[in-house]
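Here's a quick briefing to read alongside the model. Have the viewer open and click along as you go.

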Amino acid sequence: MTAIKNQIFLPFSRPTIDEATIAAVGEVLRSGWITSGPKVQAFEALLSTYFGGRPVRTFNSGTCTMEIALRIAGIGIGDEVITTPISWVATANVIIEVGAIPVFADIDPITRNIDLGKMEAAITPRTKAIIPVYLSGLPVDMDRLYAIAKKHHLRVIEDAAQAIGSCWQGRRIGAFGDFASFSFQANKNITTGEGGCLVLNTVEEARLAEKYRLQGVTRNGLDGIDVDVLGGKYNMTDMTAAIGLGQMANIEAITAHRCALAQHYFSAFGDTFETDTGAQLPVADFENSNWHLFQIILPDHIKRADFMTKMMEHNIGIGFHYAPIHLFTLYRERGFSEGMFPIAERVGRQTVTLPLFYAMTTADVERAADAVKSVLQQ
Ligand SMILES: *Cc1c(COP(=O)(O)O)cnc(C)c1O
């Protein structure tokens, strides 16, 4: 790695795969069974236990888990699905993928999650589902979310891609509610390289998820086979599941260390950071969030690209999550434009993600916080 100012490059995210996990993947490779098999079954069983005994199925991405949840819920052409404009574009793309109509509601400027009041106001007779996103691992008000869903008879597909290990008032995200979708992409708290899982409500839904995952196939006996729904090719491999099993063995330690690092950011920034710099810190939630990301909103006078460049001079990598989805060309072509969701547009322009990952130390946090302060106070 290059060293500028004698300091090693600090990325905003880096996975930690321990030697036991690497050995477990080697064992799978030598076993003669490398696609979906016993490791996938073991991973699904472990996840099901983790999510309070609910049915869980794994897939090769977090994106397809949401698409499959929409299909299981019977959502398709002409149906409206409400979500947030501040998410990875996958969240809205899956709505279009199943033929439904994406509808956005602006975000809350403090939590940066969908504003549930505006979400409820966006409900029409054609609304069939809502996809809340728990940005940076901070859940929305789950009681209010499910009260709104119940009142308007809507399905909920929780985009909990960033929220494994997060809670709502002592209950694990994914252990209650309707569908919950998680991602195991490389930057997530728990990774399998690529992958995802869906927490479902019933055995029937889980069976349907299996069909959508593999070409719609059902098997019966040694040579019985039928296809009665149009499925795709979304199954997880045993190599991938072996990584997931190794990661899940450390989930409590990973979550606790991330929370400790986030807490350290707050103390490193100090009480006067916001007034000194005009930047906005995240909500200091140490009850519910798994601290997937530590995001600050830059003051309007500094351009994000300039901030990122200056942080690179300190040899620190900065991410941004996310550009507002409604301003992408594909969405502009569907009638969305500037000014529709002003809070999302400002956050989307000025949000930055600071380094936060399991292998980081409190000294790394101090280094990043000092660099942020010096760049913003220049
Ligand atoms: C990572 C992520 C996804 C997509 O997950 P993949 O596994 O990359 O398909 C969707 N939504 C959010 C909020 C994410 O962070």
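## A quick tour

Let's start at helix H13 (residues 342-350), which is where you'll find Gln350. Keep in mind that this is a predicted model. After Gln350 we'll go to the ligand site, then to some backbone oddities, and finally to a few pairs of residues and how far apart they sit.

**Gln350 in helix H13**

- Is Gln350 buried or exposed? Its relative accessible area is 4%, and the cut-off for buried is under 20%, so Gln350 counts as buried.
- The side chain of Gln350 has a polar contact to the backbone: one of its polar atoms is 2.8 Å from the backbone oxygen of Pro299.

**Around the ligand**

- How many residues surround the ligand? There are 16, and the closest are Gly62, Thr63, Asp159, Ser183 and Lys188.
- Sorted by type, that shell has nine polar residues, five nonpolar ones and two charged ones.
- Which helix gives the most to the shell? That's helix H3, spanning residues 62-72, with three residues.
- Thr63 uses its side chain here: an N or O atom in it is 2.5 Å from a ligand oxygen.
- Ser183 has a polar contact with the ligand too, with 2.6 Å between an N or O atom of its side chain and an oxygen atom of the ligand.
- On the ligand's nitrogen side of things, look at Asp159, where a polar side-chain atom comes to 2.8 Å from a nitrogen atom of the ligand.
- On its own the ligand has 380 Å² of accessible area, and the protein covers 93% of that.
- If you rank the pockets by size, the space that the ligand takes up is the second largest.

**Backbone oddities**

- Which peptide bond is cis? Check the one from His321 to Tyr322, where omega is near 15°.
- Tyr322 belongs to the loop that runs between helix H11 (304-313) and helix H12 (329-332).
- Arg112 isn't a glycine, yet its phi is positive, near 70°.
- You'll find Arg112 in the loop that connects strand S5 (101-104) with helix H5 (116-121).
- Arg112 has 4% relative accessibility, which is under 20%, so this arginine is buried.
- Ser136 also has a positive phi without being a glycine, and here the value is about 65°.
- The loop that holds Ser136 lies between strand S6 (127-131) and helix H6 (142-151).
- Ser136 comes in at 12% relative accessibility, so with buried meaning under 20% it counts as buried.

**Sequence distance and spatial distance**

- Where is Arg171? It sits in strand S9, which covers residues 171-172.
- Arg171 is partly exposed because its relative accessible area of 47% falls between the 20% and 50% cut-offs.
- Arg171 and Gly52 are 119 residues apart along the chain, and their C-alpha atoms are separated by 9.5 Å.
- Ile101 is part of strand S5.
- With a relative accessible area of 30%, Ile101 is partly exposed.
- From Ile101 to Gly317 there are 216 residues along the chain, and the gap between their C-alpha atoms is 36 Å.
- Asp106 has its place in the loop between S5 and H5.
- Buried or exposed? Asp106 is buried, since its relative accessible area is 5% and the limit for buried is under 20%.
- Asp106 and Ile251 are 145 residues apart in the chain, with 32 Å between their C-alpha atoms.
- Ala262 is in helix H9, which takes in residues 251-269.
- At 0% relative accessibility, Ala262 counts as buried.
- Ala262 and Val229 are 33 residues apart in sequence, and C-alpha to C-alpha they are 45 Å apart.

Note on methods
Residues numbered from 1 in each chain as written. Predicted model: local features only at pLDDT ≥ 70, side-chain atom pairs only at ≥ 80, totals over all residues. Heavy atoms only, no water. Near = heavy atom within 4 Å. Polar contact = N/O pair within 3.5 Å; in protein donor to acceptor, adjacent residues only side chain to side chain. Areas by Shrake-Rupley, 256 points an atom, 1.4 Å probe, with all protein chains shown as cover. 1 Å grid on protein atoms, 1.4 Å probe; cavity = no way out; pocket = protein on both sides within 12 Å on 5 of 7 lines; lining within 4 Å. Sits in = over half its atoms within 2 Å of the grid points. Helix = DSSP H or I, 4+ residues; strand = E, 2+ residues; numbered from the N terminus. Nonpolar A, V, L, I, M, F, W, Y, C, P; charged D, E, K, R; others polar. Buried < 20%, exposed > 50% of the residue type's maximum accessible area, 1.4 Å probe, protein only.
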